Amino acid sequence: MEHKSREIKQMFDDIAHRYDLLNRLLSFRTDVRWRKKAIKLVGIQSGQTVLDLACGTADMMIEMDNRVGGVNLIGGDFSYNMLKLGYDKFQDGSFSVSDAHMLPFKSNSFDRMTISFGFRNVTDKPTGLKEMHRVLKPGGKLCILEFSQPEGFIFSRLYRLYFTKILPFIGGIISGNREAYDYLPDSVYKFPKKEVYRQMVLEAGFETIDFNPMTFGICDATICCKSNG
Ligand SMILES: C[S@@+](CC[C@H](N)C(=O)[O-])C[C@H]1O[C@@H](n2cnc3c(N)ncnc32)[C@H](O)[C@@H]1O
C-alpha cells in the first residue's frame, strides 16, 4: 500500500470510535437524508447483490436494509476498526477487508455498488474507478456519494467558514484528532473539478455519468452506469 493511503487508513482507524457521533453532529443529520436519496437514485432492489465500498461503520448498509430489504449486502473497507464497528451494528450482511485499489472480488460480481464519503480518500482515483467498474456486472450501477463545493457567492463563503474553521475545531476536540478534521475540508477542496471527474469515470469504462447535486451543492450523488455489452 502506498504511503498516503497507509496514512489515511491509520487516520480512520484512530477516529473510528468517534466517527458516528461526529458524523451526525457535524452534518446536522443531513447525511441521513443524503444516504436515502443516493439509495433511491442508484435503484437498489430486493434480490440484488450490492457492495458498499468504504462502508465504514455500515450506515449505508443499514439504510439499504431498512429501505429495501432482501438485498445481499457486502461491506468493504480497508480500516479494520471501522469495519469492526460496522459489524457490531449490523450483522445481516458480510464484511470484507478491502482496498479500493485492488478489490478482492471476482469481475462482474455486483448488481449495484455504493461508495459514500469514501471516494475522495482513494488516493489513485483512476485505478479505484477501474476496479469498481471491473467488479460491477454488465448493466450495473455505481453511486458515488461525496461532498462537493457549493455554488453561490454568499452560501459558498459561509460554508467555507464552517467547513474549514468550525468543523475542524469541534471535530478535533471530540475525536482528539484535529488533523483528521483538517484533512476533511482539504480533501473536498482538492477533489477533481467536475469535467476532470467526468472524464475519469468515462475513461475507467463507465458508459454514462450523471451528477445529482443536493443541499445547495454541498453533496452530490453521482450515478455511473456500466454498459450491458
Ligand atoms: C468518511 S468515511 C465514510 C464511511 C461510510 N461510507 C459512511 O458513509 O459513513 C470513509 C471511509 O473510507 C474508507 N477508505 C478510505 N480509503 C479507502 C480505500 N482506498 N479502500 C477502502 N476503504 C477506504 C475509510 O477507512 C473510511 O471508513
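User: In this predicted model, which loop holds Ala 54?

Analyst: Let's place Ala 54 between its neighbouring elements. On one side is the strand β1 (49–53), and on the other is the helix α3. Ala 54 therefore belongs to the loop between β1 and α3.

User: Is Ala 54 buried or exposed?

Analyst: Here we count other C-beta atoms within 10 Å, and a residue with 20 or more is buried. Ala 54 has 25 of them. Ala 54 also has a positive phi of about 55°, although it is not a glycine. By the count, Ala 54 is buried.

User: Which residues come nearest to the ligand?

Analyst: The ligand has 22 residues around it. Ala 54, which we just met in the loop between β1 and α3, is one of the nearest. The full set of nearest residues is Ala 54, Gly 56, Ser 79, Ser 116 and Gly 118.

User: Which element gives the largest share of the shell around the ligand?

Analyst: Two helices, α1 (3–26) and α3 (59–67), each supply at least two residues of that shell. By type, the shell divides into 10 nonpolar, nine polar and three charged residues. The largest share is four residues, and they come from α1.

User: Where does Phe 117 lie, and how many other C-beta atoms are within 10 Å of it?

Analyst: Phe 117 sits in the loop between β4 (110–116) and α5 (125–135). Its phi is positive, about 55°, although it is not a glycine. Phe 117 is buried, and the number of other C-beta atoms within 10 Å is 23.

User: Why do the buried residues of α4 line one face of the helix?

Analyst: The buried residues in α4 (residues 80–89) are Met 82, Leu 83 and Gly 86. An α-helix has 3.6 residues a turn, so residues three or four places apart point the same way. Looking down the axis of α4, you find its buried residues on one face because they fall within an arc of 95°.

User: What covers those buried residues of α4?

Analyst: We are looking for what covers Met 82, Leu 83 and Gly 86, the buried residues of α4. Part of the cover is a helix that also contributes to the shell around the ligand, α1. The cover includes α1, β2 (72–77) and β3 (94–97).

User: At which residue does α6 have a kink?

Analyst: Helix α6 (residues 153–175) has 23 residues and reaches 32 Å from its first C-alpha to its last, close to the 33 Å expected. Even so, α6 has a kink of about 35°, shortly before the proline Pro 168. The kink lies at Leu 167.

User: What do the buried residues of α6 pack against?

Analyst: The buried residues here are Phe 163, Pro 168, Gly 171 and Ser 175. Just after the helix, Gly 176 takes a positive phi of about 75°. The buried residues of α6 pack against α1 and α7 (178–189).

User: Is Pro 104 buried or exposed?

Analyst: Pro 104 is in the loop between β3 and β4. Leaving aside neighbours within four places in sequence, Pro 104 is in contact with Ser 96 and Ser 98. A residue with 12 or fewer C-beta neighbours inside 10 Å is exposed. Pro 104 has 10, so it counts as exposed.

User: How far apart are the C-alpha atoms of Phe 211 and Cys 143?

Analyst: Phe 211 lies in the loop between β6 (208–210) and β7 (213–214), and it counts as partly exposed. Along the chain, Phe 211 and Cys 143 are 68 residues apart. In space, their C-alpha atoms are separated by 9.9 Å.

Notes: Residues numbered from 1 in each chain as written. Predicted model: local features only at pLDDT ≥ 70, side-chain atom pairs only at ≥ 80, totals over all residues. Near = placed C-beta within 6 Å. Nonpolar A, V, L, I, M, F, W, Y, C, P; charged D, E, K, R; others polar. Arc of directions from axis to C-beta. Contact = placed C-beta atoms within 7 Å. Expected span 1.5 Å × (residues − 1). Bend = angle between axes of the 7 residues up to and from the residue.
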